[in-house]
Amino acid sequence: MDRLNGPADLMIVSDLDFTMVDHDDPESVALLRFNALWEAYYRHNSLLVYSTGRSPTIYRDLRKQKPLLTPDITIMSVGTEITYGDSMVPDERWKQSLDHNWNREIVMEETAKFPDLILQSETEQRPHKVSFYLEKGKASKVMQALSKYLETRGLDVKIIYSNGIALDVLPKAAGKGQALKFLLEKLKDGGLKPIHTLVCGDSGNDAELFTVSEVYGVLVSNAQEELVQWYSENARGNAQIIHATERCAAGIMQAIDNFSLGPNVSPRDISDSMFKRKNLSPGHEVVMFYLFYERWRRGEVENSEQYIQILRSIFHPTGNFVHPSGVDQSMHQCIDTIVNLFGDKRCIDFHVWVDCVSFAEVSFRSWLVKFDKWESSGNVSQCCSTKVFMSSKVESPDELTWMHLHQTWSDGSEGKDDMPWII
């Protein structure tokens, strides 16, 4: 969040499973569309927050499985843990605030009296969260009885049932909504409170998000029965909360449009994107180039001399590229390689996306752009930390030219013989 000099333009607070991530979409089409939109238009002045029921362990697993962007803030374990940045630095003040009238041992003692409650895996048991599986038909009766038992023992707890199967016992002060309120107050104190906040969810444990004042909200079209029922009973007349007609990440983009929160057309939804390069920010330029690179290798654009000339025009004639292997070559040598790879990923699940795009003007009309560039081919993914120095063209100041590109392997990534790295 250090890149922000004042209030964020927009903060998106989104659940993950079946909200940001559509597990029924094997190629993550909607998620990749959202990624391109966020990095092109929002990353530099807005905040991305994931609010998930997942514990840190299985949240990290999901990050390895899906092309998720790096969030600025992660709220995990149904609002009982808040962390910052890619290194996931925990918010100690939030953890301490949840200790009031909370005793995990007592929760375990009382829940043991209910044979219908089946403990979830050890990874899902957290300091301020105890999680079970419970059949939907038995949920109401068990929740009422358990609440009374715990109240008798002097605990202030919150019992949340979601997805028609999962029951979580939390401190009263916890939950996704309470965590968001805490976060908004913290941002306000730091002079960073967002101008607009959009919350996004699909299940019962997301309902609290929609009760936070002054936020916009979207239930994705595939929202589960318990959240749709909550919406019908509590929010149908609220113009700031909609039930989208689009699934998952596409529903989030629909809400951005509905509430006029900013650009809502993903670069992935623009055909012939290479012809529309004027007046782009350096971040947008990077998104558009790598989108074209993906389409070129998938054979989804025309293999024409016009495209090849546009591709060559992006890079300065004397520009150089330092490959992550350390080999230094001219950019136009690299472009020759790309030209010869047209369609080599046709009919293959090949995708390219960029993450954490940032840029700074280092001299008049010259920028240093930093980002992580990802490629996935089948089940194999690779990532490089990338720096690009680019300047406005003398003959056409509205267009940018790439002067120097330098890449290094990110932690956990390295060259693979079956997936050569080009640029």
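In the predicted model, helix 11, spanning residues 331–340, lies across strand 13, strand 14 and strand 18, and runs at about 85 degrees to strand 13. The buried residues of this helix are M331, C334, I335, I338 and V339. When helix 11 is viewed down its axis, these buried residues fall within an arc of 145 degrees, and they therefore line one face of the helix. The elements that cover the buried residues of helix 11 include strand 13, strand 14 and strand 18, together with helix 9 and helix 10 (305–314).

The strands crossed by helix 11 belong to an open sheet of 6 strands, in which the order is 14-13-18-17-16-15 and the pairing is mixed. Strand 14 (328–330) and strand 15 (350–363) stand at the edges of this sheet, and because each has a single partner strand, one side of each is left without a neighbour in the sheet. From one strand to the next, the twist averages 20 degrees. The partner of strand 15 is strand 16 (residues 366–377), and the two pair in the antiparallel sense over 11 bridges; within strand 16, W367 stands opposite E361.

Helix 9, formed by residues 282–298, likewise packs on strands of the sheet: helix 9 lies across strand 13 (315–322), strand 15, strand 16, strand 17 (380–392) and strand 18 (400–409), and its direction is at about 155 degrees to strand 15.

Aromatic contacts were examined next. One aromatic cluster is formed by F289, Y290, Y293, F315, F371 and W402. K373 also engages a ring, in that its charged end sits over the ring of W421, 3.9 Å from the ring centre.

Across the whole structure, a search finds 19 aromatic pairs. Among them is the pair of F114 and Y149, whose centres are 5.4 Å apart and whose planes form an angle of 55 degrees, an arrangement classed as tilted. This pair links distant parts of the chain, since F114 is in the loop between helix 4 (104–111) and strand 6 (118–119), whereas Y149 is in helix 5 (residues 136–152), 35 residues apart. The two partners also have their own solvent accessibilities: F114, at 13% relative accessibility, counts as buried because the cut-off for this class is under 20%, while Y149 is partly exposed, with a relative accessible area of 37%.

Notes. Residues numbered from 1 in each chain as written. Predicted model: local features only at pLDDT ≥ 70, side-chain atom pairs only at ≥ 80, totals over all residues. Heavy atoms only, no water. Pairing = 2+ DSSP bridges. Helix = DSSP H or I, 4+ residues; strand = E, 2+ residues; numbered from the N terminus. Axes fitted to C-alpha atoms, helices over the stretch in contact; angles between N-to-C directions. Contact = heavy atoms within 4.5 Å. Phe/Tyr/Trp six-rings, centres within 6.5 Å; stacked < 30°, edge-to-face > 60°. Buried < 20%, exposed > 50% of the residue type's maximum accessible area, 1.4 Å probe, protein only. Lys NZ or Arg CZ within 6 Å of the ring centre and 35° of its normal. Arc of directions from axis to C-beta.
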